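Here is a short tour of how two parts of one protein chain meet. Have the viewer open, and let's walk through the interface together.

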Amino acid sequence: MNMQTEIAVIGGGIVGLCCALRLRDQGHEVTLIAPQDDENGASYGNAGVIADYAVMPVGTPDVLRNLPSLLFNRDSPLAIRPNAALSLAPWLARFARECMPQRAEANARAIAALLAPTPNAWRAIAAQIGGTDLLKPIGSLYFFETEAERRASDFRAYRALGVEVEQITRDELGQLQPGLPAHIGAGAAFFPRTVTLDDPTAMLRLLRGSVDATGVQRIDGQVTGLQRAAGGVRLTGHNINLSARKVILAAGAWSRELAAMAGDRVPLDTERGYHLEYDCPSPRLIRQMTPVSRGFYFCPMAGRLRVAGTVELGGLKAPPSPHRWAVMERGARAILPDLPEPDRRWMGFRPSLPDSRPVIGPSHAGGDVIHAYGHGHLGLTLAPVTARIVADLVAGRDPEMDIAPYRPNRF
Ligand SMILES: Cc1cc2nc3c(=O)[nH]c(=O)nc-3n(C[C@H](O)[C@H](O)[C@H](O)COP(=O)(O)OP(=O)(O)OC[C@H]3O[C@@H](n4cnc5c(N)ncnc54)[C@H](O)[C@@H]3O)c2cc1C
């Protein structure tokens, strides 16, 4: 049977849920299409940081200088699966171009503009869904393991984009992070304004509960077809036959094919990320902390320590690489030698563009499809702001910022 809706949101991760809730709040009839019991995606397994300090794109001149050695060293924080190198060559070529100084600076400015309203946007949505207690406004740390790392650190570009960051000594670090072994490391950079989530899954469940309570209809399934038709867009899939006046495409790393069906060729791929979890009845660390050269975060969360991060370029189909978990496990023990065997291991798909900017905005072929994906390392952080922009576009209002840097046809 062909069903009708005013607005269909494709994807039930953090971005799709925030969009559905915002649009319903604004009085629209909304239908959300996503697999119902999808609690294992990027939005659940991430590092839980509302990273309003993370203004730097992944691609920078430094990364470009070291790209070959990074990519082809299996232990590096930015590695590529060897058998994916050929298929990823076009994405990598664009990525290399985005590492050039002027491009990287423009990308940082575009990211910073989206990040500026995120703390308020998150506070508002957490209050609305009853999740304020899950926000931990206690800052985060970049941890220097060696004196050389500390000396090489340079936060001028961060400060120029409005980020508050303090360099702290080893002794000061000991006060902020009492669980660290004595004498390890050479100090840290402290981002005092960072807010972290005590439990991303709990926050997502609250969000889903609010989405359901406000009357968003749900269809359990995957959209496989998207076609423009008279009066709207027709979405099809197994048990899906829905006509919508507008479609919000928020299917994370799986959005590329649907975007192409809407007429937009977007170089979306995935940066696969990993996590390990250690159950800890009492907190092992207090604050979220990143050993800068290792590319992962220690994330203290409710009842556990999550070690999350690193990038593996390898597409959506290949299974997780046990080697990546082993490297993270070794790295985590280098800093916390008493860590036992992890209790859980996970891999997820960041939806990533070569310029580290998300895709937010109307389809090139018409405003009946609005794109909202590709948030890379910052999807948790940027979801509420993305939802505000999407709601403005649906209502025909000017968004709170210039969205030209995020448009789908910028490539
Ligand atoms: C290890 C790791 C650590 C991270 N840490 C952080 C962090 O600390 N802070 C931060 O801001 N970000 C972080 N991120 C990034 C963040 O998790 C992602 O950017 C974000 O979750 C993307 O959300 P999304 O809703 O776009 O996609 P997803 O969460 O992937 O959701 C996509 C949804 O679309 C559905 N879907 C896919 N295809 C279809 C289809 N055809 N039809 C219907 N539904 C479909 C999926 O089932 C899923 O429900 C991290 C990511 C990783 C991997």
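A salt bridge here is a side-chain nitrogen of Lys or Arg within 4 Å of a carboxyl oxygen of Asp or Glu. By that rule, the count between domain 1 and domain 2 is 1 salt bridge. Please keep in mind that this is a predicted model.

Where do the two domains lie along the chain? The domain assignment builds each of them from separate stretches, listed in this table.

| Domain | Residues |
|---|---|
| domain 1 | 3-43 + 202-265 + 356-406 |
| domain 2 | 53-98 + 134-198 + 269-352 |

Taken over C-alpha atoms, the centres of domain 1 and domain 2 are 29 Å apart. Each domain brings 17 residues to the contact.

How much area is buried between domain 1 and domain 2? The value is about 1400 Å², and carbon and sulfur atoms give 70% of it. On the side of domain 1, the residues that lose the most area to domain 2 are Met203, Ala253 and His377, which together account for 35% of what that side buries.

Now for the polar side of the story. Asp269 and Arg256 form a salt bridge, with 3.6 Å between their closest N and O atoms. Across the interface of domain 1 and domain 2, 5 residue pairs are in polar contact, both partners being at pLDDT 80 or more. Helix H11 (residues 200-213) supplies 3 residues, the largest share of the side of domain 1 that touches domain 2. By type, the residues of that side of domain 1 are 8 nonpolar, 8 polar and 1 charged.

Terms used
Residues numbered from 1 in each chain as written. Heavy atoms only, no water. Domains from an automatic or database assignment. Contact = heavy atoms within 4.5 Å. Buried area = accessible area lost by both parts, 1.4 Å probe. Polar contact = N/O pair within 3.5 Å; in protein donor to acceptor, adjacent residues only side chain to side chain. Helix = DSSP H or I, 4+ residues; strand = E, 2+ residues; numbered from the N terminus. Nonpolar A, V, L, I, M, F, W, Y, C, P; charged D, E, K, R; others polar.
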